[in-house]
Amino acid sequence: MQQMNRTLNELYARLLTAFGPRGWWPAHSAEEVIFGAILTQNVAWTSVEQAIAALKGAAKLHFKSIAAMDEAELAALIRPARFMNQKARALKAFAKYFGTQYGFSIRRMKKCRTEKLREELLGLYRIGPETADSILLYALEKPVFVIDAYTKRICSRHGLLGPDDPYDVYQRFFMDRLAPDAALYNDFHAQLVHLGNRFCKTRPLCSGCPLQDFKTLPFKGNPAKKPS
DNA sequence: GACCAGGCACATC
DNA sequence: GATGTGCATGGT
C-alpha cells in the first residue's frame, strides 16, 4: 500500500508540476456541471460546449426550465451533443428528480449523504457510474473519484491496472490509496483528463508527455492484472 | 470518407 | 454474467 501510495503521489505530483492546478469543472455553476456531465456521455467536449451555449442562449440552463419545457424542443437545442433524444430524456428525468426531491436546490442536495445520493442518481435514466460520480464530485463536492475513458487508458498504459478492469476496481484503486479529499480528487482527475486530451489520443507514448518515463513501482499483493 | 469522442441501456445468448 | 448493438453529431 505504501509503495502504491507513492506511485499515485508521484503521478499526481508530475501532472501538477507539468500542468498546474486545472481548476475544474469547466462550468459557471453546479447546475451547469450536471448538464455537462450528462451531455458529455460518449461525445467530444467541443460538441458539449455547443449544446450548452444553445441552452444558455435559450435561457434554459436551469433544471427548473428543463422540467417545464417540451422534450422535443429540448432535444433540438442539444442536438450538437449527439444522442439528442436519449440525452433530452435524461435531462428531463434529472430535472424531475431534482425538483421533486430537492426543490431545485443544490444546497439541499449537498446536505445528503454521498451513498444515498449515489444510489438515487444511479436509479435515474442514463445516469451510470461515471456520470453519477462526476455530479457527486464536481457539482456536489463529495469525495468520490471519477473514472473515465482517459483515466482507464492512462492507468492501463502504465501498468497500474488492466484495460478491462471494471469501473469499481478502478475507483477503489484510487479511493483505497488516497485520503477522501474532494479537492484532491477533483484536480487529480482533471489532470488525467488534460493529459489524456493532450497526449493519449492515439499513440501510446507521445513526446513531451510528463509520464513518458513514468514507471510503476512494485506493489506486493497488487490485485491488478499484469501490464500487457 | 473513415474514425473517434470525458457512456449508457437494452436485447440476446 | 458476458457480449453486441443502438444512439445518430461534429471535428480532424
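What follows is a walk through a predicted model, from the overall build of chain A to one of its helices and then to the surfaces beside DNA strands B and C.

Chain A contains 12 helices and 0 strands. Followed along the sequence, the pattern is therefore one helix after another, α-α-α-α-α-α-α-α-α-α-α-α. The radius of gyration of chain A is 18 Å, close to the 17 Å given by the globule rule for 228 residues, so the chain is as compact as a globular protein of that length. Along the principal axes, the C-alpha atoms of chain A fill a box of roughly 55 × 35 × 30 Å.

Two further values describe the packing inside this chain. Of the 228 residues of chain A, 32% count as buried. Among contacts with a separation of 6 or more, 65% join residues that are 24 or more positions apart.

Helix α11, residues 167-175, shows how burial looks on one element. Its buried residues are Tyr170, Phe173 and Phe174. These residues cover an arc of only 90° around the axis, which puts them on the same side of α11. As for the partner of these buried residues, they pack against α10, residues 149-157.

Helix α10 also takes part in the surface near DNA strand B. That strand is surrounded by 23 residues, and the closest are Gln41, Asn42, Gly128, Thr131 and Ala149. Both α10 and α9, which spans residues 129-139, supply at least two residues each to this surface. Of the helices, α9 gives the most, with 4 residues. Sorted by class, the surface near DNA strand B has 12 nonpolar, 6 polar and 5 charged residues.

The other DNA strand in this account is C. Around DNA strand C lie Ala44, Thr46, Ser47, Arg79, Pro80, Arg82, Phe83, Met84, Asn85 and Gln86. Two helices each supply at least two residues of this surface: α3, residues 45-57, and α6, residues 84-102. The largest share comes from α6, with 3 residues. The class division near DNA strand C is 4 nonpolar, 4 polar and 2 charged residues.

Taken together, the two DNA surfaces draw on separate named helices: α9 and α10 are listed for strand B, while α3 and α6 are listed for strand C. Helix α10 links two parts of this account, since the buried residues of α11 pack against α10 and α10 supplies at least two residues of the surface near DNA strand B.

Technical notes: Residues numbered from 1 in each chain as written. Chains lettered and ligands numbered in written order. Predicted model: local features only at pLDDT ≥ 70, side-chain atom pairs only at ≥ 80, totals over all residues. Near = placed C-beta within 6 Å. Nonpolar A, V, L, I, M, F, W, Y, C, P; charged D, E, K, R; others polar. Buried ≥ 20, exposed ≤ 12 C-beta atoms within 10 Å, placed from the backbone. Arc of directions from axis to C-beta. Contact = placed C-beta atoms within 7 Å. Rg over C-alpha atoms; globule rule 2.2 N^0.38 Å.
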